Amino acid sequence: MAPPLEHGEHTYGNRHRSSSGTTRRSLLAGVAALGALGAAGCSRVATASTTEGGDLLERLKAAGVVRLGIAGEIPFGYIDKNGDLTGEAPELAKVIFKRLGVDKVQPVPTEFGSLIPGLNSQQFDVVAAGMYVNPERCEQVIFADPDYQMLDAFIVRKGNPKGLHDYKDVVEKKAKFATGTGYAEIQYAVEAGYKESDILIVPDQVAGLNAVEAGRVDVFAGTALTTREVVKKSDKAESTKAFTPTVGGKPHVDGGAFAFRPTETKLRDAFNVELHKLKKSGELFRILKPFGFTQAEMTDLTAKELCGG
């Protein structure tokens, strides 16, 4: 099982969520270790494809290896204490690409904000970082269908004394509210009527937990997965039940997926075929479960839906 999260979460507008409600974490834990690993043998598979639909899959089969762009984030893609590549996206990539005839995966570490530029400049073959799908990113890359969805949750004092279950509760009960630097949860709270200048911004969910435990705030908002993981060893705080935030007056659910260069539709489509087989058989959940994912994070969302079309 992956270790509990120890670092920050969403980067508002980058990985993770964006100004339209889609970001995800910008954790860089493990990037330094990944740098040494990814730098070795980082040969390009080929230059840009001129074949309609792309021929990258055939070239990957011939090379026997696929390069994964990752951002060193627990639990999405990182190097563990034994120096091994792991995380929900790399482990899923290992299974799917093996089924596609590509036996090996090679990590190429980068900062989250460099994943799409790195993909399109062919520094790696696919983004395997649990990237949230949103319309802005869909203009730059093509996505597989999401392998997970993500809702929000709160860290509160044990027993949830103020009865905080969503952003509306936070506003109505005038709770002291905190979230992380750049988190999309800032937008969600503001949309519910919370004054942005009154929000306590902390570096990450660990700092958020500390603020709740110390009584500096009543609630810290993050994703359901990260809040659930970070409170496991706390005897003063708990995570609330996951809920759906509201964006533009409508319920909003984020979905994370693999990203491909726009020319490589054949590879994306082949990847989707195997992904849907894993969803149908239940194997996808078995792959993601060790990293803290629950059945609530499984999804039938499509990239088309999240791209706005």
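User: Helices (H or I, at least four residues) and strands (E, at least two) are DSSP runs, numbered from the N terminus; so which residue sits just after helix 10, and what phi does that residue take?

Analyst: Just after helix 10 comes Gly282, which takes a positive phi of about 90°. Please keep in mind that this is a predicted model, in which local features need pLDDT of at least 70 and side-chain atom pairs count only at pLDDT 80 or more, while totals for chains, interfaces and linings use all residues. Residues are numbered from 1 along each chain as its sequence is written, and side-chain values use heavy atoms, with hydrogens and water left out.

User: Okay, and which residues of helix 10 are buried?

Analyst: Taking buried as under 20% relative accessible area, exposed as over 50% and partly exposed as in between (1.4 Å probe, protein chains only), the buried residues of helix 10 include Leu267, Arg268, Ala270 and Phe271, and further along the helix Glu274, Leu275 and Leu278 are also among them.

User: An arginine in that list? What does Arg268 meet in a salt bridge?

Analyst: The partner is Asp269, with the two side chains meeting at 2.7 Å, N to O; a salt bridge here is a side-chain nitrogen of Lys or Arg within 4 Å of a carboxyl oxygen of Asp or Glu. Arg268 counts as buried because its relative accessibility is 18%, whereas Asp269, at 39%, counts as partly exposed.

User: How many salt bridges are there in the whole structure?

Analyst: A search of the whole structure finds 13. One of the networks to look at links Arg99, Glu274, Lys277 and Glu283 through salt bridges. Elsewhere, Asp103 and Lys98 meet through their side chains at 3.6 Å, N to O, and Asp103 counts as exposed because its relative accessibility is 54%.

User: And Lys168 with Glu172, how far apart are their closest N and O atoms?

Analyst: Those atoms are 4.0 Å apart in the salt bridge between Lys168 and Glu172, and both residues are exposed. They lie in helix 6 (residues 167–172), and because they are 4 residues apart there, about one helical turn separates them.

User: Switching to strands: is strand 13 enclosed or open?

Analyst: Strand 13 (residues 219–223) is largely enclosed by the rest of the structure, because 5 of its 5 residues are buried. Counting two strands as paired if DSSP finds at least two bridges between them, strand 10 (residues 152–157) pairs with strand 13 in the antiparallel sense over 5 bridges, and strand 11 (residues 177–180) pairs with strand 13 in the parallel sense over 3 bridges. Ala221 in strand 13 is the bridge partner of Phe154 and is also the bridge partner of Thr179.

User: How many aromatic pairs does the structure hold?

Analyst: The structure holds 14, where rings of Phe, Tyr and Trp (its six-membered ring) pair if their centres lie within 6.5 Å, with planes under 30 degrees apart counted as stacked, over 60 as edge-to-face and the rest as tilted. Tyr148 and Phe293 form an edge-to-face pair, 5.3 Å centre to centre with 65° between the planes. This pair links distant parts of the chain, 145 residues apart, with Tyr148 in strand 9 (residues 148–150) and Phe293 in the loop between helix 11 and helix 12 (303–307). Both Tyr148 and Phe293 are buried.

User: What about Tyr167 and Tyr188, how far apart are their ring centres?

Analyst: The centres are 6.1 Å apart and the planes are at 65°, so the pair is edge-to-face. Tyr167 lies in helix 6 and Tyr188 in helix 7 (residues 185–191), so the pair ties together parts that are 21 residues apart in sequence. Both tyrosines are buried, and they belong to one aromatic cluster together with Phe154, Phe177, Tyr194 and Phe243.
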